[in-house]
Amino acid sequence: NADVAMYRVKEHGRNNYRFYAPEMTHMAIDRLDMEGNLRRALERGELQVYYQPLVDLGSGGIVGAEALVRWQHPRIGMIQPGEFIPLAEDTGLIIPLGQLVLRQVCADILDWQAAGLPPVKISINLSARQFRQDDLSATIRNVLDETGVEGGRLAFELTESMVMHDVENTLVTLRELKKLGATISLDDFGTGYSSLSYLKRFPIDTLKIDRSFVRDIHEDKDDAAIAHAVIAMAHKLGIKVIAEGVETRDQLRLLSEFSCDEIQGYLFSRPVPVGEFSLMLSKQRSLGDLDKT
Ligand code: C2E
Ligand code: MG
Ligand code: MG
Ligand code: MG
């Protein structure tokens, strides 16, 4: 459906374009009423939270995970977030969806605590509309209070494009999130109008280098130089660095040389269902285990 395709490209902008490559698109979904489907999916519990481990390069162990939502559609099968987050954002369904993700993450954290698993920090993505919600921090606080999960267990991921407009309101919201005990990560760093001034102006704890800079790091001297410089600069500002999309040992070795703090990527693990992540935690799976496989 050409209308749908054009709509998507327009709405979702430059950086997300790759998610609409034909091979990744569930063609069937175009023929359905996506909004109605997503609304029902929320009610029927078809949305699941997957976890992708964040691995500390010092210890080699899992220190956290990014929560990544998936839609298990009864007929179409698994739908990736690139296919429905933009629509959710557009229709406002991102608000209940975000609530669902937060509640699920808190429930899972409680389960891990009860099972005596080592504490980890869970990173939750916020989209622009969520971030602009007036009562964002109050809604998060409610969930934390209800569940008893400490805010310090959570990190919130924002993108540069979200913080660059309206500096005053951004500052207010970030301070509220930090008051909850949560930390702030700047996601996909390097893909937007990257400005080092954000790092100075806003209380950013962690910077996530986008996978487009990590991809060719072992063969492109410029990418390597950029990654190295970004890591060094972040450290001087007291900011932690996570490299996204680490797929090879060569990338891992270089990032380690550059003193990157943590990595996330298919090399260690894809995003996995909660049961599988719990198993990794209980087995204390680490970077050292890669050598055994
Ligand atoms: P993101 O926050 O930048 O998440 C990282 C994406 O990179 C994930 O895609 C992850 O599966 C993928 N990835 C991780 N390691 C590798 C690797 O080694 N190679 C490659 N090629 N890809 C890797 P995913 O899960 O499809 O999510 C896409 C985007 O959807 C996320 O990008 C995030 O912006 C958004 N998203 C996902 N879950 C949520 C959510 O609960 N709420 C909101 N607001 N947005 C979400
Ligand atoms: Mg993210
Ligand atoms: Mg990212
Ligand atoms: Mg990304």
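Q: How are the donor residues of the magnesium ion (ligand 3) spaced in sequence?
A: A spacing pattern names each donor residue and gives the number of residues between one donor and the next. For the magnesium ion (ligand 3) in this predicted model, the pattern reads D-D-x55-E.

Q: Which protein atoms are the donors of the magnesium ion (ligand 3)?
A: Donors are N, O and S atoms within 2.8 Å of the metal. Here they are an OD atom of D187, an OD atom of D188 and two OE entries from E244, at 2.0 to 2.7 Å from the ion. D187 belongs to strand β6 and E244 to the loop between β8 (240-243) and α13 (249-257), so this pair ties together parts that are 57 residues apart in sequence.

Q: Are D187 and E244 buried or exposed?
A: Buried means under 20% relative accessible area. D187 is buried, and E244 is buried too.

Q: What are the protein donors of the magnesium ion (ligand 2)?
A: They are E66 (OE), N125 (OD1), E157 (OE) and D187 (OD), which lie 2.0 to 2.2 Å from the ion. Their spacing in sequence is E-x58-N-x31-E-x29-D. E66 sits in strand β2 and D187 in strand β6, so the two tie together parts that are 121 residues apart in sequence. E66 is buried, as is D187.

Q: Which residue coordinates both magnesium ions, and how far apart are they?
A: A residue that coordinates two ions can be read as a bridge between them. D187 bridges the magnesium ion (ligand 2) and the magnesium ion (ligand 3), with 3.6 Å between the ions.

Q: How many residues surround ligand 1, and which are the closest?
A: A residue counts as near if one of its heavy atoms lies within 4 Å. Ligand 1 is surrounded by 24 residues, and the closest are R70, N125, D187, E247 and Y266. Sorted by class, the shell has 10 nonpolar, 6 polar and 8 charged residues.

Q: Which side chains lie 3.1 Å from a nitrogen or an oxygen atom of ligand 1?
A: An N or O atom in the side chain of Q130 is 3.1 Å from a nitrogen atom of ligand 1. R211 places a polar side-chain atom 3.1 Å from an oxygen atom of the ligand. For D188, a polar side-chain atom is 3.0 Å from an oxygen atom of ligand 1.

Q: What share of the accessible area of ligand 1 does the protein cover?
A: On its own, ligand 1 has 800 Å² of accessible area, and the protein covers 87% of this.

Q: Which elements give two or more residues to the shell around ligand 1?
A: They are β2 (62-73), α4 (81-91), α5 (94-114) and β6 (183-189). The largest share, 4 residues, comes from β2.

Technical notes:
Residues are numbered from 1 along each chain as its sequence is written. Chains are lettered from A and ligands numbered from 1 in the order in which they are written. This is a predicted model: local features need pLDDT of at least 70, side-chain atom pairs count only at pLDDT 80 or more; totals for chains, interfaces and linings use all residues. Side-chain values use heavy atoms; hydrogens and water are left out. A polar contact is a pair of N or O atoms within 3.5 Å; within protein, one must be able to donate a hydrogen and the other to accept it, and residues adjacent in sequence count only if both atoms are side-chain atoms. Accessible areas come from the Shrake-Rupley method with a 1.4 Å probe; for residues, only the protein chains shown count as cover. Ala, Val, Leu, Ile, Met, Phe, Trp, Tyr, Cys and Pro count as nonpolar, Asp, Glu, Lys and Arg as charged, and the others, Gly among them, as polar. Donors are N, O and S atoms within 2.8 Å of the metal (3.2 Å for Na, K and Ca); water is not among the atoms, so sites may look incomplete. Buried means under 20% relative accessible area, exposed over 50%, partly exposed in between (1.4 Å probe, protein chains only).
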